[in-house]
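Here are a few notes to help you find your way around. Have the model open as you read, and take the points in order.

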Amino acid sequence: MAVSQLRSIRNWERQSVSLNVSNRVILAVEARIGAFARLHAVSMTVSASSNPSFRRRIAVAGAGVIGLSCAFELARRGHAVTCFDGGDVRRTTSWAAAGMIAPAYEMYLHGGETGSALNELSFESARLWESFAPAVRQVSGMPVGYSNAPTLAVAQSSEQRAGLRALQAALREIGHTAYWIDRERAISRLGLSARVDAVLELTSDHQVDNRRLLTALRTGLRNLGGAVVSHHIGSLEDASRLGGSAPFDAIIWARGCHERGVTRHVKGQALALHPVEGMPAEVVRFGSGYIVPKPDRIIIGATSEATYSHPGVDAAAIEALFRSACNIVPGLRTARRLESWSGLRPGSVDAAPIIGQHSDREFVATAHYRNGILLAPATAQRIADMVEGKPSSPRAESFSPDRPAIATV
Ligand SMILES: Cc1cc2nc3c(=O)[nH]c(=O)nc-3n(C[C@H](O)[C@H](O)[C@H](O)COP(=O)(O)OP(=O)(O)OC[C@H]3O[C@@H](n4cnc5c(N)ncnc54)[C@H](O)[C@@H]3O)c2cc1C
């Protein structure tokens, strides 16, 4: 019985990721799965304290990956959490993302510097994904498309090859591995172009299906007794007025681009293709471009535009992304196009996220810029620790809303 019901749930979920799906269908899927989990007492990993005085009523403003991950983590620890968001999930930056969990390649893009607070947070978060993804899956009863298969970093010139060699050395210094793949094998077995000069396999860089994740986090939160309210809020009082019986004890501000301290909205455009035979199963990175295979689509991205005349999609940019991906994986040329989209990455003045405390009742988690998916579990853990008054995490001051770079803006 359970197997056939689970199968029918998975079918529902497959429907929920179809491209023309409406918000109403997503909500119906969530409600049905939540009802199933309650009815059949799906086992949940709840690390809640049994002491009821420990249980706090928490409001979260924003149901992107950051707000929902914080809400999920707090609910998992036994708190009563309500997440507020009046927006359309398909307009969030989290929906626009490619789902890469890429601490090593991000380090490469930023000059290979090791030892920065952001670098350490990134590797810490990638490690947390290994338990966070199964927890979301278990509590929600929904797959999140997490894969710990390595990522392939491609060099197209001797200069890029030297850059990847430096990355490999830097990774070794901090205890991570990366291996060169035989070039002939990469061309014949992985479908890469003969233009490829060298391929480095990054064992620390993985992926998750960010769209499935958003749905699973909402469902998981509900299964843990939390709620998602379709309303924007601007204050703790708003939350208490809209959120039911008793006032909230604390609020987490996680409104992405709409949050205090976010000074840059960097536009990213991407497209998705229908899966085709013979494609690499791994994420492929080349310069600032990437190819991210999912079971139902192949994502190609992304632009990074600090200035732009409009926030939407522009056909020339999408065409350029498509052509550059085909130069690396020629088999993509025949793939049917599914969709293209754009999103705005929320950035702070120093490009590091803002994770901290305004007061003992107000917390903030925002400005995750290029890495909100990667950083979601570490952000959630740090915010939940702060709410519970635990000692501060390593290098917390580097992400504080009171750090000089942010406080003086
Ligand atoms: C093309 C592209 C590709 C990307 N790829 C990756 C990737 O592969 N890996 C990675 O780690 N990162 C990636 N990113 C970055 C990542 O998407 C972001 O860092 C992340 O989604 C930010 O999440 P968020 O929850 O802060 O913001 P959002 O997802 O934008 O969520 C903010 C939410 O706040 C809500 N809100 C606004 N105002 C209010 C209010 N007053 N009250 C309540 N709610 C409110 C909004 O409706 C929204 O739902 C990518 C970004 C882009 C654009």
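1. Please keep in mind that this is a predicted model. A good place to start is the ligand: of the 41 residues around it, Gly64, Gly87, Gly256, Gly268 and Gly372 come nearest.

2. Sorted by class, the shell around the ligand holds 18 nonpolar, 19 polar and four charged residues. Helices H3, H4 (93-96) and H12 and strands S10 (264-273) and S14 (337-347) each supply at least two residues of this shell.

3. Where does the ligand shell sit relative to the domains? It lies between domain 1 (64-145 + 210-263 + 353-409) and domain 2 (146-209 + 264-347), because both give residues to it.

4. Now follow two of those shell helices. The axes of H3 (residues 65-76) and H12 (residues 372-387) come within 8 Å and cross at roughly 45 degrees, which means that H3 is oblique to H12. Their crossing is right-handed. On the H3 side the contact includes Val65, Ile66 and Phe72, and on the H12 side Gly372, Ile373 and Ala376 are among the residues involved. By class, this contact has 12 nonpolar, four polar and one charged residues.

5. For a second helix pair, look at H6 (residues 117-140) and H9 (residues 210-223), which pack at an angle of about 60 degrees with their axes 8 Å apart. H6 is therefore oblique to H9, and the crossing of H6 and H9 is left-handed.

6. In that pair, Val136, Arg137, Val139 and Ser140 of H6 meet Leu213, Ala216, Leu217, Thr219, Gly220 and Asn223 of H9. The contact of H6 with H9 comprises five nonpolar, four polar and one charged residues.

Conventions:
Residues are numbered from 1 along each chain as its sequence is written. This is a predicted model: local features need pLDDT of at least 70, side-chain atom pairs count only at pLDDT 80 or more; totals for chains, interfaces and linings use all residues. Axes are lines fitted to C-alpha atoms, for helices over the stretch in contact, and angles run from 0 to 180 degrees between N-to-C directions. Helices (H or I, at least four residues) and strands (E, at least two) are DSSP runs, numbered from the N terminus. Angles under 35 degrees count as roughly parallel, over 145 as roughly antiparallel, 65 to 115 as roughly perpendicular and the rest as oblique. A crossing is left-handed if the near helix is turned anticlockwise from the far one by less than a right angle, and right-handed if clockwise. Two residues are in contact if their C-beta atoms, placed from the backbone, lie within 7 Å. Ala, Val, Leu, Ile, Met, Phe, Trp, Tyr, Cys and Pro count as nonpolar, Asp, Glu, Lys and Arg as charged, and the others, Gly among them, as polar. A residue is near a molecule or strand if its C-beta atom, placed from the backbone, lies within 6 Å of it. Domain bounds come from an automatic or database domain assignment.
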